[in-house]
Amino acid sequence: MTSPHPEPRPWRLKTHTMLPGERTVTVVDRNGMPVWWPNLFHAYELRNAGRSYATQKRTMSAIVAAFNWAEGRDIDIEARIASFEYLDYADTKSLQALLKLNVASERKGSRRAVGNGYWDARCRGVRDYVRWRAGEAMQRLMRPEAPDAPAMLYRMAGDGLERFEETLLSGIGNDNETETMGLDESQRASLLEAIVPGSPTNPFEKRHQFRNFALILSIYEMGARNGETLGLKREDLHLYGDAPSIEIHRRHNDPKDPRSRPPATKTKARLLPISAALADVLGTWLTDHRSNVSVYPNAGPCPYVFLSERGRPIASNTVERIFVALRKVEGIPPWLTAHKLRHTFNDRFSELIDTLPEDVLRPAIEARMRNFLNGWSPTSEQGENYRRRFVRTKAHELLSKLQNLSALGAARS
């Protein structure tokens with residue numbers, strides 16, 4: 001990689017394949033030459049950390065957009081970071097507004113905006129890069145507690161970085177809460193009926209009905225991410241005995257994965273117990289259906305559990321088509337996706353906790369259990385995003401009780 005050019009220059013992302021099954025990106029200037037610091041950030045903080053290709057591309061496209069935005073305003077971002085002179089409020093908000101725009105639509109002149117969640121992720125990507133670069137510069141200063149000029153500069157640099165980070169992330173609203181809800185009881189019943197092989201509402205070809213049944217039921221029962229389910233290998237399934245279970249593993253850049261968009265496991269590796277019913281379905285899929293070479297040729301040497309009709313690991317766009325078909329079934333909402341089943345799993349977990357006697361599980365223990373099952377860190381607060389339907393439902397129930405009490409009081413008076 002070449003060292004940074006002294007003058008700001010327009011940059012872009014170049015997509016390429018490094019190893020079998022691994023797509024990655026490189027930041028290049030207008031001459032097609034890789035640039036230094038952003039590519040180091042990408043290598044050390046994203047690719048080597050096992051971030052998915054989609055996350056790598058989203059983060060680095062945001063960083064490229066930030067540098068090109070700065071180039072148009074004669075702002076040298078690297079020089080600002082090195083001197084601890086971060087963007088002022090107006091420039092930071094201008095950059096934030098730029099990151100709201102879809103990159104492809106901006107090039108076409110339509111300036112279409114991305115969703116708030118994607119916008120927040122892009123701003124955080126730029127924030128992370130600036131923090132990473134500032135950390136390298138701040139390490140050259142004295143200890144922050146020392147009573148001298150470098151220590152004062154250290155504290156001032158830290159304060160300026162904090163103000164920049166807060167400004168860049170402030171004012172980004174949340175997407176509509178209903179977009180993060182899981183299925184209600186009626187919708188769950190419609191889904192489970194539709195995926196059963198031979199069901200009148202099953203929308204799939206007969207030859208793929210059992211595969212899709214096993215796949216959707218696995219996502220529904222485990223609450224795993226779509227990428228985690230597609231990344232399962234036969235060796236991960238322990239289906240027999242008194243305690244059937246499934247292992248979820250992180251297999252970043254697996255050379256045995258031929259997919260152009262390899263599934264990514266974003267969360268922690270873990271061992272999940274599964275029901276005897278799911279174990280039976282998966283066992284039947286492996287022994288009676290997956291081995292059918294007339295439907296899934298070349299399935300034998302493939303280590304992955306779920307296959308395409310070519311006998312290769314099933315691709316994420318195939319799963320997307322499965323959910324497109326399910327969304328056409330009566331009783332199933334038009335917003336159903338694999339990720340909504342993850343929200344549904346957390347709703348079901350909350351409902352189960354609610355049936356237990358009080359104080360059987362303290363809130364802290366419940367949170368740790370939820371974090372483990374979802375593959376989050378023990379201290380993660382991500383679970384709150386997945387409890388919205390349950391919290392809203394319980395609030396409505398309590399409000400109804402309160403209203404009924406008020407009505408009874410009025411009737412007695």
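Two residues are in contact here when heavy atoms lie within 4.5 Å. On that footing, and bearing in mind that this is a predicted model, L282 makes a handy way in. Leaving aside residues up to four places away in sequence, L282 touches A214, S218, L237, L239, I246, I274 and F306.

L282 also turns up in the largest nonpolar core, which has 47 residues. Along with L191, L326 and L341, L282 is among the residues with the most contacts inside that core. Several elements chip in: α8, α9, β4 (245–248), α11 (276–289), α12 and α13 each supply at least two of its residues. The largest share is down to α9, which brings nine residues. There is also a second, separate core, this one of 41 residues, and its members include A70, Y86, C123 and L161.

Helix α12 (residues 316–326) deserves a closer look. Its buried residues are S316, T318, V319, I322, F323, A325 and L326. In a helix of this kind, residues three or four places apart point the same way, because an α-helix has 3.6 residues a turn. V319, I322, F323 and L326 are all on the buried list of α12. As for what sits over these buried residues, the cover includes α8 (185–195), α9 (209–222), α10 (226–230) and α13 (338–355). One of the buried residues, L326, is the α12 entry in the list of residues with the most contacts inside the largest core.

Then there is a little sheet to deal with. It is open, has three strands in the order β3-β4-β5, and its pairing is antiparallel. The edges are taken by β3 (237–238) and β5 (270–273), each of which pairs on one side only. Between β3 and β4, which run antiparallel, there are two bridges. H238 has its bridge partner, S245, in β4.

Finally, a couple of backbone oddities. Most residues other than glycine have a negative phi. D74, which is not a glycine, goes the other way, with a positive phi of about 55 degrees. This residue is found in the loop between α2 (53–71) and α3 (77–82), and D74 is exposed, at a relative accessible area of 71%. N298 is another case: its phi is positive too, near 65 degrees, again in a residue other than glycine. The place of N298 is the loop between α11 and α12. N298 is likewise exposed, with a relative accessible area of 59%.

Conventions:
Residues numbered from 1 in each chain as written. Predicted model: local features only at pLDDT ≥ 70, side-chain atom pairs only at ≥ 80, totals over all residues. Heavy atoms only, no water. Buried < 20%, exposed > 50% of the residue type's maximum accessible area, 1.4 Å probe, protein only. Helix = DSSP H or I, 4+ residues; strand = E, 2+ residues; numbered from the N terminus. Core = buried A, V, L, I, M, F, W, Y, C linked by side-chain atoms within 4.5 Å. Pairing = 2+ DSSP bridges.
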